[in-house]
Amino acid sequence: MASPPSSPENGDQSEFRAKNSSAPPPSSPHHKMSPRNRALIFVTAWLIVLMPFLFWWNTWFGRRLPDKQITEYLQDEKHPRHIQHALIQLGERMSHHDAGAARWYPELVRLASHPVEEVRNTDAWVMGQDTSGPAFHETLLKMLQDPSPMVRGNAALSLILFGDNSGRPHIVALLQPAGITAPAAGRVIDEDKVGTAIHQGGLIAKLQVDRSADASQTDQQVTEIRSPIAGRIRSLSVAPGSRVAAGAEVATVDPGDEQVWEALRALFIIGQVDDLPAIRPYQRELPEISDRVRQQALLTEKSIRERASH
């Protein structure tokens, strides 16, 4: 039987099917990932997780160090944070009366003159953990002449544990705002903002210093002006573009909560009536003064007055 004649539409469809019968099927919207790409994504994700952990592991001072590593870290002049890590570990041992820590006591005395301020600062705190340590008392007294106010303050705090109050003025100074001065004459090219919280060593401003006597010459260098203490910027005496003389005040920084609290605790024990003007500002109810600092300031004044009355 003859097949029925096809309509023009059926004929077109037959022709289209014939032309495309050899064409590949349409691809799936879900492409398969090659093993190499899967491996790359896995490694990348692994590194994203691993790198922050390794950074934390290498900078966390709470990680316990074996004796051999403490010795190595104390002598690692290329990595001051390693020295700090070892010092903090020693401080914890000393506070628990670990007699084995005494083998490193000569190192503690040596590090009191280390060129890095943070190392000296930590060292001053550690030597206060054992008042029987040979030469510690004498070393801490010398550290009261350190160029860093933080080192002087920590040395004074440690001396209290030796029954020595000779560092009291340096403890009172910890309650005072730090004045930041220009190290040389020049032009301010950048600065932070008033009210900014800042770490010890944090950047306050940048100064373009004229290296030659003729300021019209282009032989210039940029010097960074940094805070000697942690705290908050109280005031700025200059503006970007202004010129300052060497030694001129650039900013003042209010001391941080932890520094003030430690100083108030020390003055609770050794403070005198003359120290009250430095203590009373921390008794005010202000947003920047924490409750624990305010309460400690009140308790410190009470303790000072009770001692004065006897």
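Which residue of E8 is the bridge partner of glycine 179? In this predicted model, the partner turns out to be threonine 252. That pair is a handy way into the sheet, so the strands come first here, followed by the helices, the core, the pocket and a few individual residues.

Overall, the protein chain has 310 residues, and 36% of them are buried. Its secondary structure amounts to 12 helices and eight strands. As for how the chain folds back on itself, take the contacts between residues at least 6 apart in sequence: 62% of these link residues at least 24 apart. The accessible surface is about 18800 Å², and carbon and sulfur atoms account for 57% of that.

Four of the strands make up an open sheet, in the order E1-E8-E6-E3 and with antiparallel pairing. Strand E1 (178-181) and strand E3 (197-198) sit at the edges, each pairing on one side only. Strands of a sheet pair through backbone hydrogen bonds, in either a parallel or an antiparallel way. Going across the sheet from E1, four bridges tie this strand to E8 in the antiparallel sense. Besides the glycine 179 pair, threonine 181 has glutamate 249 of E8 as its bridge partner. E1 also has two distinct faces: Ala178 and Ile180 are on the covered one, while Gly179 and Thr181 are on the uncovered one. So both of the E1 residues just paired up with E8, Gly179 and Thr181, belong to the uncovered face, because the covered face is made of Ala178 and Ile180.

Strand E8 itself (residues 249-255) is mostly covered, with five of its seven residues buried. On to E6, then: E6 and E8 are antiparallel and share five bridges. Here glycine 231 is found opposite proline 255 of E8. The last step goes from strand E6 (residues 231-236) to E3, again antiparallel, with two bridges. In that pairing, alanine 197 is set opposite arginine 232 of E6.

Turning to the helices, how many of the 11 residues of helix H6 are buried? Eight are, so H6 (residues 117-127) is largely enclosed by the rest of the structure. The buried set is not just nonpolar side chains on paper: Arg120, Asn121, Thr122 and Asp123 are in it, along with Val119, Ala124, Val126 and Met127. The cover over these residues includes helix H4 (80-95), helix H5 (105-111), helix H7 (136-143) and helix H8 (149-161).

The largest nonpolar core runs to 67 residues, and Leu108, Ile171 and Leu175 have the most contacts inside it. Setting aside neighbours within four places in sequence, leucine 108 is in contact with Asp123, Val126 and Met127, as well as Leu87, Leu90, Met94 and Phe136. Asp123, Val126 and Met127 are also among the buried residues of H6.

Ile171 comes up again around isoleucine 270, a residue of helix H10. Not counting residues up to four places away in sequence, isoleucine 270 touches Ile171, together with Ile160, Asn165, Arg168 and Arg307. Its relative accessible area is 7%, so isoleucine 270 is buried. Isoleucine 270 and glycine 163 lie 107 residues apart in sequence, yet their C-alpha atoms are 9.8 Å apart.

H10 also has a part in the largest pocket, which holds about 930 Å³ of space. Its lining has 29 residues, and those nearest the centre are Trp125, Asn154, Leu157, Glu258 and Glu262. At least two lining residues come from each of H4, H6, H8 and helix H10 (257-270).

Finally, two backbone angles are worth a look. Most residues other than glycine have a negative phi. Histidine 97 goes the other way, with a positive phi of about 60 degrees. This histidine is located in the loop between H4 and H5, and histidine 97 counts as exposed because its relative accessibility is 73%. Alanine 135 likewise has a positive phi, near 75 degrees. Its setting is the loop between H6 and H7. With a relative accessibility of 41%, alanine 135 counts as partly exposed.

Methods
Residues are numbered from 1 along each chain as its sequence is written. This is a predicted model: local features need pLDDT of at least 70, side-chain atom pairs count only at pLDDT 80 or more; totals for chains, interfaces and linings use all residues. Side-chain values use heavy atoms; hydrogens and water are left out. Two strands pair if DSSP finds at least two bridges between them. A nonpolar core is a set of buried Ala, Val, Leu, Ile, Met, Phe, Trp, Tyr and Cys residues joined through side-chain atoms within 4.5 Å. Buried means under 20% relative accessible area, exposed over 50%, partly exposed in between (1.4 Å probe, protein chains only). Contact means heavy atoms within 4.5 Å. Accessible areas come from the Shrake-Rupley method with a 1.4 Å probe; for residues, only the protein chains shown count as cover. On a 1 Å grid over the protein atoms alone, a cavity is a set of points where a 1.4 Å probe fits but cannot get out, and a pocket is an open set with protein on both sides within 12 Å along at least five of seven lines; lining residues have an atom within 4 Å of a point. Grid points are joined across faces, edges and corners, and a volume is the space filled by probe spheres set on the points.
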